[in-house]
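Reader: I'd like to go through this one label by label and ask what backs each of them up. Can you show me the structure to start with?

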Amino acid sequence: MNLNTKGCEVKVLLDTNVWRALADANSGRTLMKYARRFDLAVLVAPAIVDECKRIPHSSTRSRVLHLLAKESWRRCMPEPYSESQELIREIERLRPHWLRKRRDLREFRRLKKDWTSKKIGFWNRLKKDVQIASPVMLMTELRELELARAEAHGIRKQVSARPAQGEQTPLSHVYTATPFQTIGESSLVEYWRVPTLYHMRSNLSEYANPYSEWLDGTVDMKLMFHDADSLNTFFLCDALPSRLTRLWLRAAFEFLQSWRRVTNGTPGDAQISVHLAEANIAISADRNFVYSANRCHAEGPGNFARAILVPGQETVDALFETLSSL
């Protein structure tokens, strides 16, 4: 593939199924050796950790979480952080009056330190967080799956209302109607805009929400929501997908998933997809994830990772063969 040219490292994002196979095969040290030998940065995403925390078997869960917590990997920031940073830059360009005149970044810095510190914080706590998956967590997973199924059917029905559209429609040509009259009744907009608006409105309307925590020190949320028409047009008309690439990825994955069978991993795939903006290569044993990632790679507004499928059987051997050919 010759991705690794002129000594530049290749950033590799591994899916949950690959991490689990590595842990089961006790191949963490081998992965470290391959990363050093071939100048690879192996990315580990918080969304992967969330999925692995739901593994019901305690010894398996402990083994996977300890592997994810190794300092050898490139630790990604959580999706709300990355999405919020892009959002702030687009607000600075399009709605600077939403910005606080006096920014208070104390909470922002505290949160960021918790995610970036090598000695304290999230990744250090992860080494000890091997408790049995609670009934509440399992019920939450079931609820997420039910919501994902309902959302998938809703998206498919909504998009199929336009006969010329379907799963194979280029992602830049998928449109949907917006219910907001601020841009004209029954107006059609690029598909990604409507779920992005709903996603951000629902999250930012909650006081204790990761998006609010990352944004509040810079953006005046009350002013932004008070300016309702402007908020709608910001997402539905003005913001550019090339500047909100991570939110575009999330929406694109949800659209592509709506045409395929919903599984236990479906809710997490849209979260993990956000990190395709940070990687060069994504590796997974999930055909649906690889298909969706490669559609985004080929048709998206950013330089997103290309995905490679490894077999569900002999995943580890196929992974190392793939890494040695990058």
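Author: Sure. Let's begin with tryptophan 19, which touches Leu14, Leu31, Val42, Leu43, Val44, Ile48, Leu67, Leu68 and Trp73, leaving aside residues up to four places away in sequence. Keep in mind that this is a predicted model.

Reader: What makes those residues count as touching tryptophan 19?

Author: Contact here means heavy atoms within 4.5 Å. Each residue on that list meets the cut-off with tryptophan 19.

Reader: Where does Trp19 stand in the largest nonpolar core?

Author: That core has 94 residues, and Trp19 is among the five that touch the most other members, along with Leu14, Leu22, Leu68 and Ile283. Helix α13 (residues 245-257) supplies the largest share of the core, 8 residues. Back in α1, the buried residues are Thr16, Val18, Trp19, Ala21, Leu22 and Ala23. Just after α1, asparagine 26 takes a positive phi of about 55°.

Reader: How much of the protein counts as buried, and how many helices and strands are there?

Author: Of its 326 residues, 50% count as buried. The secondary structure comes to 16 helices and 7 strands. As for how the chain connects, take the contacts between residues at least 6 apart in sequence: 77% of them join residues at least 24 apart.

Reader: Why is serine 292 called buried?

Author: Its relative accessibility is 1%. Buried means under 20%, so serine 292 qualifies. Serine 292 sits in helix α15 (residues 287-299) and touches Phe253 and Leu256, again not counting residues up to four places away in sequence.

Reader: And the glutamines, what makes 165 and 85 buried?

Author: The cut-off is again under 20%. Glutamine 165 has 9% relative accessibility, so it counts as buried. That residue is in the loop between α8 (135-160) and β4 (175-177), and its C-alpha is 9.9 Å from that of threonine 176, 11 residues along the chain. Glutamine 85 has a relative accessible area of 17%, so buried applies there as well. Glutamine 85 belongs to helix α5; its C-alpha lies 10.0 Å from that of tyrosine 211, although the two are 126 residues apart in sequence.

Reader: Staying with α5, why are α5 and α12 called roughly perpendicular?

Author: Their axes cross at roughly 100° and come within 12 Å. Roughly perpendicular covers 65 to 115 degrees, so the label fits α5 and α12. On the α5 side (residues 79-94) the contact is made by Leu87, Glu90, Ile91, Arg93 and Leu94, and on the α12 side by Phe234, Phe235 and Asp238. By type, these contact residues divide into 5 nonpolar, no polar and 3 charged.

Reader: How do you know that phenylalanine 234 and phenylalanine 235 form an aromatic pair, and what makes it edge-to-face?

Author: Rings pair if their centres lie within 6.5 Å, and planes over 60 degrees apart count as edge-to-face. Phenylalanine 234 and phenylalanine 235 are at 4.9 Å centre to centre with 90° between the planes, and those values meet both conditions. Both residues are buried. The structure holds 14 aromatic pairs. Ring pairs also link Tyr34, Phe38 and Phe320 into a cluster.

Reader: What makes you say α16 is mostly covered?

Author: The count: 7 of the 10 residues in α16 (residues 315-324) are buried. They are Thr315, Val316, Ala318, Leu319, Phe320, Thr322 and Leu323. These buried residues pack against β1 (10-14), α1 (16-24), α2 (28-37), β2 (40-44), β6 (281-284) and β7 (306-309).

Reader: Is glutamate 314 buried or exposed? And which label does aspartate 39 get?

Author: Exposed means over 50%. Glutamate 314 has a relative accessible area of 63%, so it is exposed. Aspartate 39, at 29%, falls between the two cut-offs, so it is called partly exposed. Glutamate 314 is in the loop between β7 and α16, and aspartate 39 is in the loop between α2 and β2. Neither residue is a glycine, yet phi is positive in each: about 60° for glutamate 314 and near 55° for aspartate 39.

Note on methods:
Residues numbered from 1 in each chain as written. Predicted model: local features only at pLDDT ≥ 70, side-chain atom pairs only at ≥ 80, totals over all residues. Heavy atoms only, no water. Helix = DSSP H or I, 4+ residues; strand = E, 2+ residues; numbered from the N terminus. Buried < 20%, exposed > 50% of the residue type's maximum accessible area, 1.4 Å probe, protein only. Axes fitted to C-alpha atoms, helices over the stretch in contact; angles between N-to-C directions. Parallel < 35°, antiparallel > 145°, perpendicular 65-115°, else oblique. Nonpolar A, V, L, I, M, F, W, Y, C, P; charged D, E, K, R; others polar. Phe/Tyr/Trp six-rings, centres within 6.5 Å; stacked < 30°, edge-to-face > 60°. Core = buried A, V, L, I, M, F, W, Y, C linked by side-chain atoms within 4.5 Å.
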